[in-house]
Amino acid sequence: MHELIRRIDAATPPERDRAVDALRAFAILGVVLGHWLVTALVADSGSVRAASPLLYQPHLAPLTWALQTLAVFFLVGGQMSARSHASARARGVPYRQWLGARMARLFRPVAAVLVVWTLAAGAMLASGVGLTTLHTLLKLVLSPLWFLLVFAALTAATPLVARLHPLWPLAVVLHVDLFRFGFGGPAWVGWINLAAGWLVPYCLGAAWARGGLRGRTVGWVLLLGGGVVTAGLVLFGGYPAAMVGVPGAAISNLNPPTLAAVTFGLAQCGAALLLLGPLRRALARPAVWAVVALLNLSAMTVFLWHQTAMMAVTSTVLRLSGPLPGLHTVPDGPGWLAARLAWLPVFAVALLVCRAAFGAYEHGKPRTDGRVVREGRPGGVTGEVRKGAGAVRRG
């Protein structure tokens with residue numbers, strides 16, 4: 001393990017901002033923990049249905065303020081895409097080649113998920129699994145893919161939006177919500193915010209890449225301004241407190257994104273910027289950086305397979321022992337939450353199994369020297385980590 005840590009640290013270019021990778025890892029872990037905590041699979045009359053503890057315990061809504069971290073992911077995505085595109089242009093790499101490399105990294109692991117679940121769905125139907133149960137499971141697996149589609153569209157539009165000021169998409173979100181909720185406009189208008197809402201942190205990230213957002217003042221303005229506005233919208237504007245969708249709720253802050261979700265995202269972006277200094281100091285320690293680097297190498301795999309890991313544990317335990325608290329019961333009390341927290345390490349182990357089985361789809365074609373070709377160049381940290389991991393396993 002010491003040798004692996006040494007290899008990872010030695011393979012990291014000195015100019016790499018390790019804090020950016022830490023923010024991305026934090027965003028992915030927030031999504032994973034959020035889904036594991038607010039999604040319950042209730043075994044009921046021979047079928048399985050999804051339920052949310054937020055429906056039965058609305059006082060848990062503040063929990064979503066810590067675990068709905070998508071804005072941070074779009075902030076980091078905008079920063080990385082803008083820097084990557086600028087670097088590609090400087091090297092003379094055509095836009096089509098640059099975009100193709102980034103889309104391959106994004107959707108190669110998606111193909112593995114779709115193939116596995118297509119086969120699994122056919123097997124479940126053949127074995128007599130009810131349509132209600134199958135619909136519940138497939139929805140949990142496929143619904144997070146909307147996020148990737150939006151991210152892919154924004155990535156493709158990077159040359160157009162890299163210099164767009166975040167206030168422009170923020171103004172679109174404001175007017176869409178005003179039309180929907182203030183003037184009784186049709187609900188479908190809100191889906192304009194699916195692009196405009198996430199474009200706000202993405203444009204912030206692009207501004208960060210070109211040297212903006214300097215100084216802690218920007219971070220404090222975003223954190224305090226976004227937090228105060230969000231609290232006002234929740235307390236006096238009729239927006240729900242939960243920053244994720246709640247079954248049966250009249251308004252969802254996430255589907256599609258509302259003004260409250262976007263201002264909350266601005267507050268998160270401010271907090272992320274303020275954490276850059278402490279993160280850089282912490283990540284100067286090779287062991288801490290190794291954990292972040294390894295997680296980032298499997299970020300897409302973790303995101304795509306975390307729901308599958310949860311469902312695998314849920315179904316296996318149900319067959320072996322019957323319904324258990326925190327796993328198959330209605331999430332209607334604090335006892336469910338305590339039991340669910342106890343199941344999280346089991347979900348994590350199942351996710352590690354999924355990572356071992358499908359993590360290779362996230363990486364490019366291996367070279368004969370053990371390094372990995374990604375985005376048209378040697379894998380750098382990726383190649384060294386894979387070589388180091390192999391050495392540790394052989395040892």
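Trainee: What makes Arg18 and Asp9 a salt bridge?

Mentor: Take the distance first. The closest N and O atoms of Arg18 and Asp9 are 2.9 Å apart. The cut-off is 4 Å between a side-chain nitrogen of Lys or Arg and a carboxyl oxygen of Asp or Glu. The value 2.9 Å lies within 4 Å, so the pair counts as a salt bridge. Keep in mind that this is a predicted model.

Trainee: Is Arg18 called buried or partly exposed, and why?

Mentor: Arg18 has a relative accessible area of 16%. Buried means under 20%. Therefore Arg18 is buried.

Trainee: And why is Asp9 called partly exposed?

Mentor: Asp9 stands at 25% relative accessibility. Partly exposed runs between the 20% limit for buried and the 50% limit for exposed. So Asp9 counts as partly exposed.

Trainee: How do you know that Asp17 forms a salt bridge with Arg280?

Mentor: Their closest N and O atoms are 2.6 Å apart. That is within the 4 Å cut-off, so the name fits. This pair links distant parts of the chain. Asp17 sits in the loop between H1 and H2, while Arg280 belongs to helix H14 (residues 276-282). They are 263 residues apart.

Trainee: Which of the terms buried and partly exposed fits Asp17, and which fits Arg280?

Mentor: Asp17 has a relative accessible area of 18%, under 20%, so Asp17 is buried. Arg280 has 39%, between the two limits, so Arg280 is partly exposed.

Trainee: Which residues do shared salt-bridge partners join into one network?

Mentor: Glu3, Arg6 and Arg7. Look at one of the links: the side chains of Glu3 and Arg7 meet at 3.4 Å, N to O. Again that is within 4 Å, so this is a salt bridge. Both residues lie in helix H1 (residues 2-11), four residues apart, about one turn of the helix.

Trainee: Why are Glu3 and Arg7 called partly exposed?

Mentor: Glu3 has a relative accessible area of 32%. Arg7 has 22%. Both values fall between 20% and 50%, so the term holds for each.

Trainee: How many salt bridges does a search of the whole structure find?

Mentor: Six.

Trainee: Now the rings. Why is the pair Phe74 and Phe147 called edge-to-face?

Mentor: Check two numbers. The centres are 5.6 Å apart, and the planes make an angle of 85°. Ring centres must lie within 6.5 Å, and an angle over 60 degrees counts as edge-to-face. Both tests are met, so the pair is edge-to-face. Phe74 is in helix H5 (residues 70-91) and Phe147 is in helix H8 (residues 145-156), 73 residues apart.

Trainee: What makes both of these rings buried or exposed?

Mentor: Phe74 is at 0% relative accessibility. Phe147 is at 3%. Each is under 20%, so both count as buried.

Trainee: Why is the pair Tyr95 and Trp98 called tilted?

Mentor: The centres are 6.0 Å apart, with 35° between the planes. Stacked needs under 30 degrees and edge-to-face needs over 60. The angle of 35° meets neither, so the pair is tilted. Tyr95 and Trp98 are three residues apart in helix H6 (residues 95-126), and so about one helical turn separates them. Tyr95, with 37%, is partly exposed. Trp98, at 4%, counts as buried.

Trainee: How many aromatic pairs does the structure hold?

Mentor: There are 15. Ring pairs also link a cluster, with Phe74, Phe147 and Trp198 among its members.

Trainee: Which residues touch the most other members of the largest nonpolar core?

Mentor: Leu148 and Leu304, out of 103 residues. Helix H2 (residues 18-38) gives the most to this core, with twelve residues. Setting aside neighbours within four places in sequence, Leu304 is in contact with Pro109, Val110, Val113, Leu145 and Leu148.

Trainee: Which residues form a nonpolar patch on the surface?

Mentor: Leu178, Phe179 and Phe183, with about 340 Å² of accessible area together. Take Leu178, in helix H10 (residues 167-182). Leu178 has 46% relative accessibility. A patch residue needs over 30%, so Leu178 passes that test. The value also lies between 20% and 50%, so Leu178 counts as partly exposed.

Trainee: What makes the bond from Asn255 to Pro256 cis?

Mentor: Its omega is near 0°. Pro256 is found in the loop between helix H12 (216-236) and helix H13 (259-274).

Definitions and conventions: Residues numbered from 1 in each chain as written. Predicted model: local features only at pLDDT ≥ 70, side-chain atom pairs only at ≥ 80, totals over all residues. Heavy atoms only, no water. Patch = residues over 30% accessible without salt bridge, like charges linked within 9 Å, V, L, I, M, F, W, Y side chains within 5 Å. Areas by Shrake-Rupley, 256 points an atom, 1.4 Å probe, with all protein chains shown as cover. Helix = DSSP H or I, 4+ residues; strand = E, 2+ residues; numbered from the N terminus. Buried < 20%, exposed > 50% of the residue type's maximum accessible area, 1.4 Å probe, protein only. Core = buried A, V, L, I, M, F, W, Y, C linked by side-chain atoms within 4.5 Å. Contact = heavy atoms within 4.5 Å.
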